[in-house]
Amino acid sequence: MSSILIIDDEDKYLDLCRRFMPEHEFLGPARNHREAMQILARLHRSIDLVLLDVHFDIPDDDLLPEDKSGLLAKGDPRRTFERLRRSQGLHILDRLRRRYPDLPVIVMTALDDLPLEADAERLHAEDYTYLLDDEYLDARALKVQVEGILVRAERSAEDDGPFYWGTAVAMADLRRRLAILARGQLPIIIQGETGTGKSLLAREYIHPHSQRTGAFMAVDLSTIPAELMAAHLFGVVKGAYTGASSSREGVLARAHGGTLFLDEIGNLSLELQKSLLLVLQEGGYRPVGSVEERTADVKLVVATNENLAQMVRSGRFREDLFMRLNPATAVTLPSLRQRRDDFQHLLEFFLERVCQSGYNRDLLVQYAEQRELWVPAEDERMRVTFGRKIPSKPDPRRIHLLLHQNSYNLLEDFNWPGNFRQFEMVLSNLVTFTLVELVDRVDQIEPEAGDHDARPDVIVIQPRTIRDLLRPFAEAEAELGDTGSEASDDLSVDGDALALRLRVAPAESLNAISCEVERQYLARLYHHFSGDLSRVAEFLLGEPEAGRKVQLRMNQLGIKLRELKRSRAAN
Ligand SMILES: Nc1ncnc2c1ncn2[C@@H]1O[C@H](COP(=O)(O)OP(=O)(O)OP(=O)(O)O)[C@@H](O)[C@H]1O
């Protein structure tokens, strides 16, 4: 069953659709753009399609554009309003496109309205249909279009894989650009802080869209010892060095005809950068210890959370390789902080994901069984909804996770230096801790009036649990900003010798750990040098004028200079 929103000032088409397409759920009608936006803000992720009328007989004040003064100044107001009514659906479509670029929309109009073709195309309507005021023919035409679009949407959702794009226009633009970049031969640079999804994007979006039939191979260059890197990339022949007891293919050979993803490209030595340049320039390479040239046919995708242009300037990255990597089309994945406008949808996406797998799913099933709610079969999804309000009607077919506004704010206001990796981990723990408590105490509680336990379909996520889960991260950050005696005891710099005590929690990848170490290291140096970035730069790079470079790196790592300064001032 699909959910279809009708935007129309009358009930006529809603009734028609409900009678002729009972297999789908029809919502609305939203009678003007404001109502449509309200419904979409709440339910966008669960709406599969919009049916939008063109002609709206509604009061002047409800018509788009909101500011009509310019239009009214130009001509007869009566005729202006009439024109706006006859084309109102197109104004609404324009708004929908800006906010929800991927939502499929069918525009419908009675034959005597406007010629639609050009406008529908300009505004990227999925389709449009002329209605004849004949119940049977109209229903049939709509049904054919609705089914066609739903099938297409299902396919493209499958094609898109697990990378979530959200609803921001900037992300939709990025997706379109990447679909094009994925196809050609040129390499792609993906930039972004740790945990913003660079690897996932390469594996699940760029490679499938490259239409290449070979394999996808990924190498995290930050985890391979420098002395083994050449053999790992280019392969090695038997006897090339002590310990090379047999010939081995490198990832370049294994990715032949496919995609090679090099994560943390900044870790590649200058010498290997040269070899990689030859791969890009001449399509060939030699395995370690071999005189034979091999052909390489790979789509190269590289990722970095360093600034490659700056590395070029400081001589740590070859300029010729940088230029070959196609820097003009480099894409930058935004951090979670930069995607706050879309926070609600990101939260829903990741909550849904953490509820559908592993231990959390088991706990939800256990909870549903205990409370006699609907229990999914093994291959079915658990039905879970999320929101800041309690749904008005109890529904034993789903579980509603209730995040009151203050809980929501705690999550939204957090800094998320580890981005989606950290976000997902915290949400997963949040669901686990909440459910374990409920499942374990099922026999002990007597529901009280007004208690949400009286509504077994509603589970409240407590702000206390969120605070408990965020506290260790907040403490680590506070410690970064701590200029007290402990901080200075932790670090002593004496010429080239450096003693530093750090606290690092276990993380998913070595890369995440190394970023955390770098973050703490830079913050400590900042305090040690009394907030003087040129002294930090001199210590790190031997260049006192590179303070800006250090500052940018701190930004990339999610260190907030303002907070560090504030904590210095407070001490
Ligand atoms: N847009 C997204 N949609 C779904 N999951 C995402 C998205 N972005 C990140 N994730 C999840 O966040 C985690 C980290 O993603 P990934 O490893 O791709 O990040 P990264 O930028 O390559 O990190 P690093 O720089 O530390 O290697 C993964 O579990 C991934 O599934």
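This is a short tour of a predicted model, stop by stop, with something to select at each one.

**The whole chain**

Start with a cartoon view of the protein, which has 571 residues, 30% of them buried. Colouring by secondary structure should bring up 24 helices and 17 strands. If you like contact maps, plot one too: among contacts between residues at least 6 apart in sequence, 68% join residues at least 24 apart.

**The ligand shell**

Next, select the ligand. Which residues are the closest to it? They are Tyr164, Thr194, Gly197, Lys198 and Phe420, out of 20 residues that surround the ligand. Now highlight three helices, α9 (198-209), α18 (419-440) and α21 (510-528), each of which supplies at least two residues of that shell. Colour the shell by residue class and you will find 9 polar residues, 7 nonpolar and 4 charged.

**The largest nonpolar core**

Helix α9 leads on to the next stop. Select Ile190, Ile206, Leu252, Leu260, Val301 and Val302: these have the most contacts inside the largest nonpolar core, a set of 41 residues. Several elements supply at least two residues each to this core, including helices α8 (169-183), α9, α10 (226-234) and α12 (270-282). Strands do so as well, namely β6 (188-191), β7 (216-220), β8 (259-263) and β11 (299-304). As general background, nonpolar side chains in soluble globular proteins tend to be buried together.

Zoom in on isoleucine 206. Leaving out residues up to four places away in sequence, isoleucine 206 touches Leu178, Ala182, Ile188, Leu201, Thr259 and Val301. Apart from this core lies another, of 27 residues; to find it, select Leu49, Val50, Leu51 and Val107, which are among its members.

**Two helix pairs**

Packed helices can be described by the angle between their axes and the distance between the axes. Keep α8 and α9 on screen for the first pair: they pack with axes 7 Å apart, at an angle of about 60°. That angle makes α8 oblique to α9. On the α8 side, show Leu178, Ala179, Ala182 and Arg183, which meet Tyr205, Ile206 and His209 of α9. This contact has 5 nonpolar residues, 1 polar and 1 charged.

For the second pair, move to helix α22 (residues 533-541) and helix α23 (residues 547-556). Their axes come within 7 Å and cross at roughly 90°, so α22 and α23 are roughly perpendicular to each other. From α22, the contact uses Leu533, Ser534, Val536, Ala537 and Leu540. From α23, select Gly547, Lys549, Val550 and Gln551. By class, the contact of α22 with α23 has 5 nonpolar, 3 polar and 1 charged residues.

**Just past α23**

Step on to leucine 557, in the loop between α23 and α24 (561-570). Is leucine 557 buried or exposed? It falls in between: with 19 other C-beta atoms within 10 Å, leucine 557 is partly exposed, because the buried class begins at 20. Show Cys515, Glu518, Arg519 and Leu522 as sticks, since leucine 557 touches them when residues up to four places away in sequence are not counted. You can also draw a distance from leucine 557 to glutamate 516: their C-alpha atoms are separated by 8.3 Å, although the two lie 41 residues apart along the chain.

**A loop at aspartate 133**

Now select aspartate 133, in the loop between β5 (127-131) and α7 (135-160). Aspartate 133 is exposed, with 10 other C-beta atoms within 10 Å. Its C-alpha atom is 7.3 Å from that of alanine 110, which is 23 residues apart from it along the chain.

**Backbone details**

Finish with four places where the backbone torsions are worth a look.

- Glycine 28 and proline 29 are joined by a cis peptide bond, with omega about 0°; proline 29 lies in strand β2 (residues 25-30).
- From leucine 64 to proline 65 the peptide bond is cis, with omega near 0°; proline 65 sits in the loop between β3 (49-53) and α3 (69-74).
- Asparagine 326 is not a glycine, yet has a positive phi of about 70°. Look for it in the loop between α14 (319-324) and β12 (331-332), where asparagine 326 counts as partly exposed, with 18 C-beta neighbours inside 10 Å.
- Glutamate 372 also has a positive phi, near 55°. This residue is found in the loop between α16 (358-370) and β13 (384-387), and with 9 C-beta neighbours inside 10 Å glutamate 372 counts as exposed.

Methods. Residues numbered from 1 in each chain as written. Predicted model: local features only at pLDDT ≥ 70, side-chain atom pairs only at ≥ 80, totals over all residues. Near = placed C-beta within 6 Å. Helix = DSSP H or I, 4+ residues; strand = E, 2+ residues; numbered from the N terminus. Nonpolar A, V, L, I, M, F, W, Y, C, P; charged D, E, K, R; others polar. Axes fitted to C-alpha atoms, helices over the stretch in contact; angles between N-to-C directions. Parallel < 35°, antiparallel > 145°, perpendicular 65-115°, else oblique. Contact = placed C-beta atoms within 7 Å. Core = buried A, V, L, I, M, F, W, Y, C linked by C-beta atoms within 7 Å. Buried ≥ 20, exposed ≤ 12 C-beta atoms within 10 Å, placed from the backbone.
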